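The following exercises concern a complex of two chains and are solved step by step. Please inspect the sequence and the structure before reading the solutions.

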Amino acid sequence: MNNYIEIRENAYLDSVTLMLLYRKLIDVEGIPNANVSMGTDHNKSILKMNDFASSEIDNAGPNDLIIAFSYEYEETKVQAMKVMEDHFNQSTGMDDDEEYSPHSLEMALKIQPDSNLALISVPGENAAYETEKCLEKNMNVMIFSDNMDINEEKRLKQLAREKGLLVMGADCGTAIINGKPLAFANCVRKGDIGIVGASGTGIQEISVAVHKLNKGISQAIGTGGRDLSLEIGGITMLSGLEALMADPETKVIILVSKPPAKEVAVKLLEKIKETEKPVVVHFIGGNATEVEKYGGIFSENMEEAAVKACKCLDDSITDEFFSKQIDIDKTAKQEIEKYSPEQKYLRGLYTGGTLCKEAILMLHKKIGVYSNIPLEKDYRLKDSKKSEKNTIIDLGEDEFTKGRPHPMIDPASRAERILQEGDSKDLRVILLDVVLGYGSHEDPAGAIVDSIKKVQEKYKEDGKHISVIASICGCEEDPQVYTEQLKKLEDINVIVPPTNAQAVKLTEKLMDL
Amino acid sequence: MEFKLFKEELKVVNIGLASFGENLKNENTKVVSLKWAPPALGDQKLFSLVKKYKRLSEIEYKG
């Protein structure tokens, strides 16, 4: 095997662009191993581990692009180099209508002087610096980047609050502002329901459910996952809540978060007493009495949050809107009949963190769920890469995303994991989420179909049947088109309930002993 | 008091992933994407010094 190594000096590329080029190279027949990364120390050590050691790599700096691949035949190398050149020609876009990209915020503001929001997705160590510059220019900021120092996050959020601005994030994946989806968001209709959420896929699941209920979203404000921690104190959720309370287009408000710090939850609930607008509260694992004491409307899961909010606007909507779309008892009966006695376990492989959390919360008490984000410490997996008994994994957690894109962007890691789970002969159910919308992969269902088929065939060869259940968080207007994704899954006999909550309820039935 | 951003047309400066800027353009949102690269040529030590210098010069200016 030979190695091809190329260094392009001062050719910084973002992580998604790096991933796209990597995928193109690895797809060339005869290339078993490739790496496309910037020359940071961490990346250089990975290259060394992957047998790409060279003095050129040692000398590369963080702004230098490293392209490395191994090959046996000269023709393979030539083909790969052609793929690279095509990629760079495409991305430098030699079209006449190519827009000028400024190198600084000051230049950007000369081109678009009244810019009012910055979307920041630079590496975490640079995000605070960029955010502060934007706040100084009186812009609201959405920080998609993660790994920001928590004290910096607090300082920037306080600064924003003093200036009457919003800092959404850090690690904020989803927002819809003035009807426009930002980062990972679905193309839902505009309407009367405002959301403030400390969870990206939480906002996505609820906004999609609202859309399916024929209602729409006025604003969806992401806060970042740490906003409701004691350290940050819910600064952005408070600002977001106040903004929605004052917004004439918002008639109903939904708050959604992973379990918040108690003091922070109380501070927010105190605030909702000041509005006459109905406020639906879904703090995962929260308690109804506490929420109702402050006049909030408690909801147990995300589907319920959407239904309760829509019912405030339209009393013809019933609690059974989604459950009526699938006959869980009948489906469960048909599936259970096909299991053999040694089939006992569940494997949930999620790309959406809050969807994963919801599934664990709904199932743990009943069947005991091992995870990398467990409800109880005894149920923490020894190794996130190896499932035990009933396991539900969040594939978007740090241990899976270090040095590679999030599985909602690059679903290859989940496709591999599905195949790996298929080696277990004692599974009843594989439970999945398929998240559509901007930011997500162009064909998330298509990316897992082959793996699912292989697992189904393996079980069939052993005279068994495995149930595969997947909920799709998306709508028809999304770039991936809901019905097209649905067809890909249904064509291979995947059961597709209308929401994650319904998918989990069906799973629960199938796991009945 | 109404939140100012909700009353304005959304105009975004995209700093980072180019694909986010493309998505916004597809939704007919006004967006300018920066051709971003890590400051101080990606040298974090040098970058810390630059930030420190920037803060110092601000203090001197304000002072």
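**Exercise 1: Polar links across the interface**

Task: Identify the side chains that form a salt bridge between chain A and chain B.

Solution. The model is predicted, and side-chain atom pairs count only at pLDDT 80 or more. Step one is to find the residues: A:D114 and B:K11 form a salt bridge through their side chains, with an N to O distance of 2.8 Å. Step two is to test this distance against the criterion, which requires the nitrogen to be within 4 Å of a carboxyl oxygen. Step three is the count: the rule finds one salt bridge across the interface of chain A and chain B. Polar contacts are counted separately, and 18 residue pairs are in such contact between chain A and chain B.

**Exercise 2: Extent and make-up of the interface**

Task: State how much area chain A and chain B bury between them, and which element gives the most to the side of chain A that touches chain B.

Solution. The size of an interface is often expressed as the accessible area lost when the parts come together. Here chain A and chain B bury about 4,400 Å² between them, and carbon and sulfur atoms account for 61% of it. The contact draws 59 residues from chain A and 43 residues from chain B. Next, the elements are considered. Those of chain A that each supply at least two residues to the side touching chain B include α1 (15–26), β4 (117–120), α6 (124–136) and β8 (180–183). The most comes from α6(A), with seven residues. By class, this side of chain A has 32 nonpolar, 16 polar and 11 charged residues.

**Exercise 3: A sheet built from both chains**

Task: Determine the order of the strands in the open sheet and explain why one side of each edge strand is left without a neighbour.

Solution. First, the link between the chains is located: β4(A) and β1 (residues 11–15) of chain B run parallel and are joined by four bridges. Within this pairing, A:L119 is opposite B:N14, and A:I120 has B:I15 as its bridge partner. Second, the order is read as β6(A)-β5(A)-β4(A)-β1(B)-β2(B), five strands with parallel pairing. Third, the edges are β6 (167–168) of chain A and β2 (30–33) of chain B; each has a single partner strand, so one side of each lacks a neighbour in the sheet.

**Exercise 4: A hairpin in chain A**

Task: Establish in which sense, parallel or antiparallel, β7(A) and β8(A) pair.

Solution. The two strands pair in the antiparallel sense over four bridges; one of the partnerships is that of A:I176 with A:P181. The hairpin has two residues between the strands, and A:N178 takes a positive phi near 50°. Strand β7(A) is covered on both faces: A:T174 and A:I176 are buried on one side, and A:A175 and A:I177 on the other.

**Exercise 5: A loop residue of chain B**

Task: Decide whether B:T29 is buried or exposed.

Solution. Chain B follows the pattern α-β-α-β-α, and B:T29 lies in its loop between α2 (18–26) and β2. The relative accessible area of B:T29 is 6%, so this residue is buried, the limit being under 20%. Leaving aside residues up to four places away in sequence, B:T29 touches A:K180, B:L10, B:V12 and B:L24. Of the 63 residues of chain B, 38% count as buried.

Conventions:
Residues are numbered from 1 along each chain as its sequence is written. Chains are lettered from A and ligands numbered from 1 in the order in which they are written. This is a predicted model: local features need pLDDT of at least 70, side-chain atom pairs count only at pLDDT 80 or more; totals for chains, interfaces and linings use all residues. Side-chain values use heavy atoms; hydrogens and water are left out. Contact means heavy atoms within 4.5 Å. Buried area is the accessible area (1.4 Å probe) that two parts lose on being put together, summed over both. A polar contact is a pair of N or O atoms within 3.5 Å; within protein, one must be able to donate a hydrogen and the other to accept it, and residues adjacent in sequence count only if both atoms are side-chain atoms. Ala, Val, Leu, Ile, Met, Phe, Trp, Tyr, Cys and Pro count as nonpolar, Asp, Glu, Lys and Arg as charged, and the others, Gly among them, as polar. Two strands pair if DSSP finds at least two bridges between them. Buried means under 20% relative accessible area, exposed over 50%, partly exposed in between (1.4 Å probe, protein chains only).
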